[in-house]
Amino acid sequence: MQRTEDYKFDDGLDEALGELDRARGRLGHLRDRLFMLQAAYDEIALRGTQKELVSPEAHAYIPIDLNEFFEGLFELERILAADPDFDHPELAHRPARFVDAGCGTGRLVHLLHATDRMNFLDIHGFDLSEKMISLGRERFGLGEKIFVADCLDFDYSGYDVIFFYRPLEDEALEHQFENRIVEQMRKGAYVFCFGARGLYDDRRLQWRDSRFGIFKRL
């Protein structure tokens, strides 16, 4: 009888420890999100950005849902940590180079630099609008981390993670843009995006997450 009770106690202890580990994981995740949100307060200053700052083919400035962006980043981090192409002897994954295509004022670039949460070697952003880049440099002090470039002729081959969020309003140009990314990016690199139109059917890519637009180049 005593032995049976010992087993029940051991099972209960294991279950409690499992709950504790899961709770610890959730708290760590919440802490990271709160830390990143704290750094995001600067985005309030950008709410007055006007349509005339961007080209006619581009979307007006559309602030991304930061909670959704963070969740996608954490999922990307998990995927990179499990990817042998990003293996590292000491870190969860080797440092990756990140670029935000159509970054506007560089709000997300600023956020990633401010938090230093993700294991990114370089964090860059570019936009076609000189005014947006100038505004971002002034408000965030990003210097050459953000720069003027056209997403339709940019060289994406130097980056491990290419992020975009609805940069083009024209359907044909959006497909041209997405095709250029896939053509330019190195094998094993990732696209992380919201609002993709043609990537889900592109056989050169492997869709890695069902909730977010995370794709790996084959």
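**Exercise 1. Find the bridge partner of Y165 in β5, then trace how the chain gets there**.

Solution.
Step 1. Look across from Y165 into β5: the bridge partner is F194. This is a predicted model.
Step 2. Follow the chain. It leaves β4, passes through helix α5 (residues 171-184) and arrives at β5. This β-α-β crossover is right-handed.
Step 3. Check the pairing. Strand β4 (residues 161-165) and β5 run parallel, joined by 5 bridges.

**Exercise 2. State which way each side chain of β5 points, and decide whether the strand is covered or open**.

Solution.
Step 1. Recall the general pattern. In a regular strand the side chains alternate between the two faces of the sheet.
Step 2. Sort the residues. Y190, F192 and F194 point one way from β5. V191 and C193 point the other way.
Step 3. Apply the cut-off: buried means under 20% relative accessible area. By that rule, 5 of the 5 residues in β5 (residues 190-194) are buried. The strand is mostly covered.

**Exercise 3. Work out the strand order of the sheet and name its edges**.

Solution.
Step 1. Write the order: β3-β2-β1-β4-β5-β7-β6. The sheet is open, has 7 strands and shows mixed pairing.
Step 2. Name the edges. They are β3 (146-148) and β6 (205-209), and each pairs on one side only.
Step 3. Add the twist, which averages 25 degrees from one strand to the next.
Step 4. Recall what pairing involves. Strands of a sheet pair through backbone hydrogen bonds, either parallel or antiparallel.
Step 5. Look for a parallel case. Strand β1 (residues 96-101) and β4 pair in the parallel sense over 4 bridges. Here F98 stands opposite V161 in β4.
Step 6. Look for an antiparallel case. β5 and strand β7 (residues 213-217) run antiparallel, with 4 bridges between them. One partner pair is V191 and F215 in β7.

**Exercise 4. Say which strands α5 lies across, and give its angle to β4**.

Solution.
Step 1. List the strands: α5 lies across β1, β4, β5, β6 and β7.
Step 2. Read the angle. α5 runs at about 170 degrees to β4.

**Exercise 5. Describe the surroundings of R186**.

Solution.
Step 1. Locate R186 in the loop between α5 and β5.
Step 2. Classify it. R186 counts as partly exposed because its relative accessibility is 36%.
Step 3. Leave aside neighbours within four places in sequence. R186 is then in contact with S157, G158, Y159, D160 and R217.
Step 4. Take R217. It is 31 residues from R186 in sequence, with 7.1 Å between the two C-alpha atoms.
Step 5. Take the side chain of R186. It reaches the backbone oxygen of G158 at 3.4 Å. A polar contact of 3.2 Å also joins it to the side chain of D160.

**Exercise 6. Decide whether K216 is buried or exposed, and find its side-chain polar contact**.

Solution.
Step 1. Place K216 in strand β7.
Step 2. Classify it. The relative accessibility is 11%, so K216 counts as buried.
Step 3. Find the contact. The side chains of K216 and D83 make a polar contact at 2.9 Å.
Step 4. Extend the list, not counting residues up to four places away in sequence. K216 touches several residues, among them D83, D85, Y190 and R208.

Notes:
Residues numbered from 1 in each chain as written. Predicted model: local features only at pLDDT ≥ 70, side-chain atom pairs only at ≥ 80, totals over all residues. Heavy atoms only, no water. Buried < 20%, exposed > 50% of the residue type's maximum accessible area, 1.4 Å probe, protein only. Helix = DSSP H or I, 4+ residues; strand = E, 2+ residues; numbered from the N terminus. Pairing = 2+ DSSP bridges. Right-handed = clockwise from strand over helix to strand, strands pointing away. Contact = heavy atoms within 4.5 Å. Polar contact = N/O pair within 3.5 Å; in protein donor to acceptor, adjacent residues only side chain to side chain. Axes fitted to C-alpha atoms, helices over the stretch in contact; angles between N-to-C directions.
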